[in-house]
Amino acid sequence: MKFSDPEQEIQRLEQENAKLRQFIDIGKHVGAEHNIDRLFPLIMTQISRFLDADRSTLFLVNWENRNLWTKYAEGMAGNGVTIELKMGIAGMCILTRHVINIANAYEYSLFNPEIDQKTGFRTESVLAVPILGDDGVAAGALQFFNKTTGLFSRLDEYQIQQAIRDFLRQEKHGFGPCIPTEKAKTFVAKLRQRLQCERGTLYVRENSQIRSIVSEGIEGMDIRLNISLGIAGTVAVTGKPMNITDAYADPRFDKRTDERTGYHTRCILCVPIIACSGEILGVIQAINKKDGVFTETDMEWLTTLASMVAISLENALLIQEQQRQFTSVLKVMAASIDAKDSLTAGHSEQVEKYAIGIARELGFGESEQDILSVAALLHDYGKLGIDDQVLKKPGKLTDEEYAHIQKHVAFTRKILGNMHLSSKYRSVPLIASCHHERLDGSGYDKGLKGSDIPFMSKIIAVADIFEALTANRHYRKAMSPVEAFAILDMEADARRLDPHIVSCLKSFWTKTNPGSDIF
Ligand SMILES: [Fe+2]
């Protein structure tokens, strides 16, 4: 058998990547919109366009009444329609927490043609994806109708699930900038020392709020204020500095923080933190000058400090953006390799999730987790160089084919080795390419033994096997976690896998699946 050239394969996948990058761009549009009610329609329209779907609907579930209501229905006047949870495709998708991908709705028993009859729309293909919270409970479902360029694919399913996860994560952690706290502390300490004041606070703007990231003199307080409220809020909106000599005489002063804390604010100096683009990033505020009120010189000095803070904040934003970009590229790479074989969509990300779960059990630091995360996401990247026919062959592989598949780890090492990775990630190609090595030397491709195998590779090996055994495949039912752990235990007893790593995966699994008392 002739195997295809890895270089050609890479070229083909690069084209696929271009499409995937377009998908990542959706995130950028979405990130710029902070109003949640405008955000939903925006996301839906962007994703529909990406999927070539005719229209889309967002269903939210009310578990108390066991019904669904349409939060947003693109292209039709169907907002706010309530339907029973047990009726229809969206309900089934929510109840089973599984994606439903249908070529022809009218041939599907659960399809409810009532809305078509009312609207005159003719539903053909349908893709319904559940929206799952961290706790695994479905909050609703996204439904897409009538793909204009064919049928919804496995890759479509996978990408929408990914988009939902990313969106939920972004919403939870906020869209605003984050300046490293240590740096911010230095600025505020400088402020208190130079201006001889009791308190100093640095606020960053986040959506319709400003949030304190450092409050000197009021330790441990996380202050969130509505924008336009109080002196800091006013400065955050107007972008004009304020020097208030008698706070209580100023109607814009918000007394509530004082009332809550028993503190007495006399005078305030507050200046905006403005980016080069003119965008107001936050405010910096000094309270109660020890010997009187703040002067014109104080204000000039604080304005200079604010411009330094602005640069720091902008840099932090750029670094954040770069990191996001890096993560996006990694995900695109992982998704492109998983997309090569539709049976394994999501495999790499799931392996990464298990590997990080193990690492946390082991007490890994943030930096080590980052390295492991990249290696786990890209462990199978060398499958790019493996012939599709061999990769997807349903039956038993010949010796020649098996030897060919085993080459994917060498390809992983070669391709990742050619990537420009920062020094932190230098060990990634080696770690990723040793995920099929076994402690007793029976693995491939080098047959390394024991401590010659990088420790992180041993973690990925356990995560990889567990994922492969417990994932749903079209050709076989997923193995139960009990059965999968029995196999891992056997492998650990035979000294092929590290028993401690296996037990860490068990602890992680038990924690993330409460109530399922299997050990
Ligand atoms: Fe592999």
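This briefing describes an iron site and a few backbone features of one protein chain. The structure is a predicted model, and every value given here was computed from its atoms. In this model an iron ion is coordinated by Asp380, His408, His435 and His436, while asparagine 146 and arginine 495 each call for attention because of their backbone angles, as the phi of asparagine 146 is near 50 degrees and that of arginine 495 is about 60 degrees.

**The iron site**

- The iron ion is held by the OD atom of Asp380 and by the NE2 atoms of His408, His435 and His436, at distances of 2.2 to 2.4 Å.
- Along the sequence, the donor residues of the iron ion follow the spacing D-x27-H-x26-H-H, and the pair of aspartate 380 and histidine 408, which are 28 residues apart, links distant parts of the chain.
- Aspartate 380 sits in the loop between α11 (366-377) and α12 (388-391), whereas histidine 408 belongs to helix α14 (residues 408-418).
- The arrangement around the iron ion is irregular, because the 4 donor atoms subtend angles of 81 to 167 degrees, and a tetrahedral site would need all angles to lie between 85 and 135 degrees.
- Aspartate 380 counts as buried because its relative accessible area is 4%, and histidine 408 counts as buried because its value is 2%, the cut-off for buried being under 20%.

**Asparagine 146**

- Asparagine 146 is part of strand β6, which covers residues 138-147, and its phi near 50 degrees is a positive value in a residue other than glycine.
- With a relative accessibility of 8%, asparagine 146 is classed as buried.
- Leaving aside residues up to four places away in sequence, asparagine 146 touches Asp52, Ala53 and Asp54, the run of Phe121, Arg122, Thr123, Glu124 and Ser125, and also Phe152.

**Arginine 495**

- Arginine 495 is located in the loop between α17 (481-493) and α18 (499-512), and it has a positive phi of about 60 degrees although it is not a glycine.
- The relative accessible area of arginine 495 is 49%, so this residue is partly exposed, a class that lies between the buried limit of 20% and the exposed limit of 50%.

**A cis peptide bond**

- The peptide bond that runs from tyrosine 444 to aspartate 445 is cis, with an omega near 10 degrees.
- Aspartate 445 has its place in the loop between α15 (428-433) and α16 (455-470).

Terms used
Residues numbered from 1 in each chain as written. Predicted model: local features only at pLDDT ≥ 70, side-chain atom pairs only at ≥ 80, totals over all residues. Heavy atoms only, no water. Helix = DSSP H or I, 4+ residues; strand = E, 2+ residues; numbered from the N terminus. Buried < 20%, exposed > 50% of the residue type's maximum accessible area, 1.4 Å probe, protein only. Contact = heavy atoms within 4.5 Å. Donors = N, O, S within 2.8 Å, 3.2 Å for Na, K, Ca; no water. Tetrahedral: all angles 85-135°; square planar, octahedral: opposite > 155°, others 65-115°.
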